[in-house]
Amino acid sequence: MSADKTLRRKLKTDTDTPFIMRQKDGERNSIDFMDFRNIKVFEKSKMGVVSSVILKFNEKFSDITKIDFQSISEYESVPCMRHDREPDIKFIRENMQSQKIYIVDKINDEYSSEFCGRLQKILSDEYHIDSEIRKRIVKNSMNLCLIHNAEYYIKKKQKDPHKQYSDTIVQRITFEDFKLLNQQKKPSATIAQALHELLIKADLLDSKITLFDWSAMGINCEISFGIRTEKDKQIHYFFMTVRPDGTFEFDKPEFTFFEENKYSKCIEIFEDNPETIRGVILDEYGNINIIRDTRLVTIPEIFKVRHELENGNTKIKNEVKREELFPSVIDIKYFEINNSKYYFAGVVGKSLDDMSTAVNIRRIDIYEDSEELFSGLLKLMDVGFVRNRQLTVVPFPFKYLREYVKKYGFQII
């Protein structure tokens, strides 16, 4: 691309600096995975383009070859709860009973004062939460701390106020990015997400899972969840061990060739091939399951969707059509291909609205002669407090583990 933003071949005589058009770092692709509001927007989405190309290819080369998708007909399906707004408000109210939240204004100007005032009103009106606006963090309490985003502090050459507190619950919200100052009667989903984060951090402080009935899982042994992290160019491993009563503890074992511990095999697994490993799961009997990323995604029934839209039927989100057209992107599915276990966590079946991104498939490797654990943990992804009413892509204890390591400056890799 030339300096005047026109696309053309670079000539030998060109002296201008060439440019390459690419996606901007930190921003998602603007082309939706699939949009099925009508046939026009569907054809502009990725799956619309794919369906069009395949149909034309198969028609032109019908006597020679054919493009098709691999189908999975046998799978375990986990019907998921409907994580919609009203139950979510009830969930927050119940878990924040008698809690007081301090809204901490670290910006302290006219606009931030207005922002905090509106936030305080929403907390009271929508969630029945008592709050108080302060200028400083209140220790041993829940704090929603208003700050600028990182870009602001970089430009101003000021220190980013992301101090960590060992005995205090702090959730930071950024003035520039928080979609609160609008005229909608109902609060933004980002408010609910901020409150969920406070509740998760409260669990971390108390070392007990209270947002989910762990005993209902029927897990009668300790089970650990492990991840690989980095700090100061050094690799570290963290594990969260959950007991049958929902209490938990964190460990950071060091890898050594001379002394084994209960995590040694897990660390060896990470060391051997870390690139695709999303996490490991270990029970107290030594059984290990490995969660691996793959390059596979699920595809809805795009040809049937195209047919419906071409015939003017845009009401394809009802219960019957969801099961017919979108079985590969709704709820949690667990299946087997060539003796390997796979799963995906899609969107909640009863609220099929957003198909902006594809649903990734992950593989579960059973280490050596270990027992298969993962199928008994599928419900740990059917929670609404991690991804704001969406399914989690890994069991939710990994979220607790990620929050814990971030608190001490470790990066997940």
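This briefing introduces some charged contacts, a surface patch and a few notable residues. The structure is a predicted model. A search through the whole of it turns up 19 salt bridges, and a few of them make a good starting point.

**Salt bridges between distant parts of the sequence**

- Arg 306 pairs with Glu 43 in a salt bridge, with 3.2 Å between the closest N and O atoms. Because Arg 306 sits in helix 8 (residues 302–310) and Glu 43 in helix 1 (residues 39–44), this pair ties together parts that are 263 residues apart in sequence.
- Arg 306 is buried at 6% relative accessibility, whereas Glu 43 is partly exposed at 39%.
- Arg 362 forms a salt bridge with Asp 293, and here the closest N and O atoms are 2.8 Å apart. Arg 362 belongs to strand 13 (residues 360–366) and Asp 293 to strand 10 (residues 288–297), so the bridge ties together parts 69 residues apart in sequence.
- Arg 362 counts as buried, at 8% relative accessibility, while Asp 293 is partly exposed at 29%.

**A salt-bridge network involving helix 10**

- Lys 399 and Glu 403 meet through their side chains in a salt bridge of 2.8 Å, N to O. They are four residues apart in helix 10 (residues 397–407), which means about one helical turn separates them.
- Lys 399 is buried at 10% relative accessibility, and Glu 403 is buried at 10% too.
- Both belong to a network of salt bridges that links Glu 197, Lys 399, Glu 403 and Lys 406.

**A buried lysine without a salt bridge**

- Lys 333, in strand 11 (residues 332–337), is buried yet has no salt bridge. The nearest side chain of opposite charge is Asp 331, 5.0 Å away.
- A polar atom of the Lys 333 side chain does lie 2.8 Å from the backbone oxygen of Ile 330.

**Helix 7 and a negative patch**

- Glu 260, Glu 268, Glu 271 and Asp 272 form a negative patch on the surface.
- Glu 268 lies in helix 7 (residues 264–272) and is partly exposed, at 33% relative accessibility.
- Ile 269 is also found in helix 7, but it is buried at 7%. Its C-alpha is 8.9 Å from that of Tyr 367, although the two are 98 residues apart in sequence.

**Two asparagines with positive phi**

- Most residues other than glycine have a negative phi.
- Asn 140 has a positive phi of about 60°; it sits in the loop between strand 3 (130–134) and strand 4 (142–147) and is exposed at 61%.
- Asn 339 has a positive phi of about 70°; its loop runs between strand 11 and strand 12 (340–345), and Asn 339 is exposed at 71%.

Note on methods: Residues numbered from 1 in each chain as written. Predicted model: local features only at pLDDT ≥ 70, side-chain atom pairs only at ≥ 80, totals over all residues. Heavy atoms only, no water. Patch = residues over 30% accessible without salt bridge, like charges linked within 9 Å, V, L, I, M, F, W, Y side chains within 5 Å. Areas by Shrake-Rupley, 256 points an atom, 1.4 Å probe, with all protein chains shown as cover. Salt bridge = Lys/Arg side-chain N within 4 Å of Asp/Glu carboxyl O. Lys, Arg positive; Asp, Glu negative; His and termini not counted. Charge placed at Lys NZ, Arg CZ, Asp CG, Glu CD. Buried < 20%, exposed > 50% of the residue type's maximum accessible area, 1.4 Å probe, protein only. Polar contact = N/O pair within 3.5 Å; in protein donor to acceptor, adjacent residues only side chain to side chain.
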